[in-house]
Every structure is written in C-alpha cells, then in structure tokens.
Amino acid sequence: MSKNPAPLPVARTWRDIPQQVKTRALSREGRRRLTWRGVRLLATCAGLAVAGVAGWQIASVLRTGRGSLAAPRPELIAGHVVPTTDGVLDRAWVEQRLALPAKATLAGIDPAVLRARLLAGGQVQVVDIERHFPRTLAVHLSERTPVARIMLADGAGAPRQYLVARDGVIYAGVGYDPAMIASLPWLDGVRPRPGGPGIATISGMPVAADFLARAELDAQHLYKHWRVVSLARLASDGLIEVRSDQGTSILFATRNEEEFPQLARLDTILDSVPPGSLARIDLSLGNGVPVAARPTAAPATLQ
C-alpha cells in the first residue's frame, strides 16, 4: 500500500463551467440614459472649469487692480443727446450748455457736473439726467415760468431787462415769445438779494405771484392794463400797489382779504368813471374805497 495517498479531486462550482451565452446588449433607452449621463458629466466639468477661470480673473482684478478681461469699446455719445422740457429751451441750448467733448462717452461723463451747467442761470429749475447704454444721454428739464419783469444793471453797469419767476428767482430768459414778455408787468419796490440759482432772488415773491395769477385768471380785462407792480409795502403792511397804463395807482391788501372781492370792486369803480379820471384807488380798506381823482376833479369816496 502506497504511503502517499492519491490527491483528491478539487470541488468545482457552476462558475467553473464555461459560459457560451453572449452578454445582453443595452436597450435603446438604456443607451440614451448612458449618453445623457456622459453629456451631463462633460457639461459639469466644463462649467467648473469656466467658473474657475472667471474666479481666478476676478481675484486677479481685485488683487492687482488690473485684469485680463477685454474692456468693451466705448461708444461716443456725440449726436445722441435726447432733451425734453416743459418750457421753451431747445436742443441747441441744451447741447451748448452741456459742452460735451467730441469723444465723450457715457462712462466718462459726470452727471453732477452736467446738471450744474444746466441749472446755471436760473431758467432751469429741475434737471434729470439718464444714461441709456451704450450711448444715449436723456436730459429732462423743468423750467421756471416768468411772472414779471425787472430792470437791473448788468456786469458792465448798463440797465438790462431780466425776468422774475414765481419763486423770486431773477434770470435772463432765453427762447420766450417777445409778445408774451411784453405783456408782463414791471416789478418795483424790491431789493434783490444777490446769489441763488439765478442773477438774484426777491423775497416775498410767491405772495405777489399768486396775486398776479389770480388777477390774470379772474379779471384779465383789468390785468392787461397793469404796467408796474410795487412790492415796497408788501413785507411791512401786506399791500401791493399796481400802476395801470392809464396812470391810476391801485392799492390791494394781501392779508385777511380775498383778491376776488377787491377785483370786483375795482371793476365796478372803473366802470362808473371815465377812463383815466382817477389817480388813486385804495382797495385795502374794505367796502369803503377811497379814490383820488385827478386835479381836474374833486376827491370822492365810493361806498
């Protein structure tokens, strides 16, 4: 009997049996899902790469103040200024005041500087500047409206006509209809304060402007004959004196007195006498209206 036993056969499993079956091919839906997974993976990688480059460039700009990003080509705004206004100023005036360089761009202008140029002189009251990239500059103006005229000395000392707005600002005035300017009354008895948005400023003018506006609206047939409006006694006594083109001096009260009753009484008085026969009418005393006739007639009081 042999001392070396014969080796026992090794146990085998079903995995050791040769397989002759082919691997099952992916279905059409499976291939599509696999393809989209690959596409999404590539897109994610590309996005991460782009974000990384952009982040590196932003960090470079923040760190050194310079970047490798190409700056967009600036667009010139010459010829692309769009002005609008509620008054009489035209495009030529706006462009002249703006004084933009030929190579000006929206990014290179300072709206505060342009606004100050347009407000200088006093005719423009409010300015709104909008930048519409790449090269449109929109300029919106709100203008003052004159309510009276005044004669002041200019820089050379010669008398010159200026306009007065309802807020008391005195300015030269550009673009108005000469006939409209000629219809405005002259202002007297005032002390303009130099400075402000225009040539000077008159205190108390809003009260006088309201009075003139009411007279023009309610009694235009009387207002059109007023040539001079004096505010000499407005601050002290609340009185406004008007001198008509017929030489009559008319005194109005502005304190605790409605303009319309005074205008109605004035209309009644002027209808009852010949034109130009009265030198003075004092409407500030209520119903008892002292009137002074010219030297050819005796003074009288109308009730």
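The following exchange examines a strand, a helix and several salt bridges in a predicted model.

Biologist: Is strand β12 enclosed by the rest of the structure or left open, and how many of its residues are buried?

Modeller: Strand β12 covers residues 249-253. S249, L251 and A253 point one way from the strand, while I250 and F252 point the other way, and all are buried. The strand is therefore largely enclosed by the rest of the structure, the buried count being five of the five residues.

Biologist: Which residue is the bridge partner of E241 in β12?

Modeller: Strand β11, residues 239-244, runs antiparallel to β12, and five bridges join the two. The hairpin they form has four residues between the strands, and G247 takes a positive phi near 85° there. Within β12, the partner of E241 is L251.

Biologist: In β13, which residue is the bridge partner of L251?

Modeller: Strand β13, residues 278-282, pairs with β12 in the parallel sense. Three bridges make up this pairing. The partner of L251 in β13 is D282.

Biologist: What length does helix α8 reach from its first C-alpha to its last?

Modeller: Helix α8 spans residues 259-272, which gives it 14 residues. At 1.5 Å a residue, a span of 20 Å is expected. The helix comes close to that expectation, reaching 20 Å.

Biologist: Within what arc do the buried residues of α8 fall?

Modeller: The buried residues of α8 are E259, Q262, L263, R265, L266 and I269. Seen down the helix axis, they line one face, because they fall within an arc of 160°.

Biologist: Which exposed residues does α8 carry on the face turned away from its buried side?

Modeller: An α-helix has 3.6 residues a turn, so residues three or four places apart point the same way. In α8, the buried side includes L263 and L266. The face turned away from that side carries the exposed residues T268, D271 and S272.

Biologist: How many salt bridges does a search of the whole structure find?

Modeller: Side chains of opposite charge can pair when their charged atoms come close. One such salt bridge is formed by R214 and D218, and another by D245 and R227. The search of the whole structure finds eight.

Biologist: Is R144, which meets D167 in a salt bridge, buried or exposed?

Modeller: The side chains of D167 and R144 meet at 2.9 Å, N to O. This pair links distant parts of the chain, with D167 in the loop between β5 and β6 and R144 in the loop between β3 and β4, 23 residues apart. D167 counts as partly exposed because its relative accessibility is 29%. R144 has a relative accessible area of 9% and is therefore buried.

Biologist: How far apart are the closest N and O atoms of R214 and D218?

Modeller: Both residues lie in helix α5, residues 205-218, and stand four residues apart, about one turn of the helix. R214 is partly exposed at 31% relative accessible area, and D218 is partly exposed at 30%. The closest N and O atoms of their salt bridge are apart by 2.0 Å.

Biologist: What is the relative accessible area of R227, the salt-bridge partner of D245?

Modeller: The side chains of D245 and R227 meet at 3.6 Å, N to O. The pair links distant parts of the chain, since D245 lies in the loop between β11 and β12 and R227 in strand β10, 18 residues apart. D245 is partly exposed, with a relative accessible area of 39%. R227 is also partly exposed, its value being 35%.

Terms used
Residues are numbered from 1 along each chain as its sequence is written. This is a predicted model: local features need pLDDT of at least 70, side-chain atom pairs count only at pLDDT 80 or more; totals for chains, interfaces and linings use all residues. Side-chain values use heavy atoms; hydrogens and water are left out. Buried means under 20% relative accessible area, exposed over 50%, partly exposed in between (1.4 Å probe, protein chains only). Two strands pair if DSSP finds at least two bridges between them. The expected span of a helix is 1.5 Å times one less than its number of residues. The arc is that of the directions from the helix axis to the C-beta atoms. A salt bridge is a side-chain nitrogen of Lys or Arg within 4 Å of a carboxyl oxygen of Asp or Glu.
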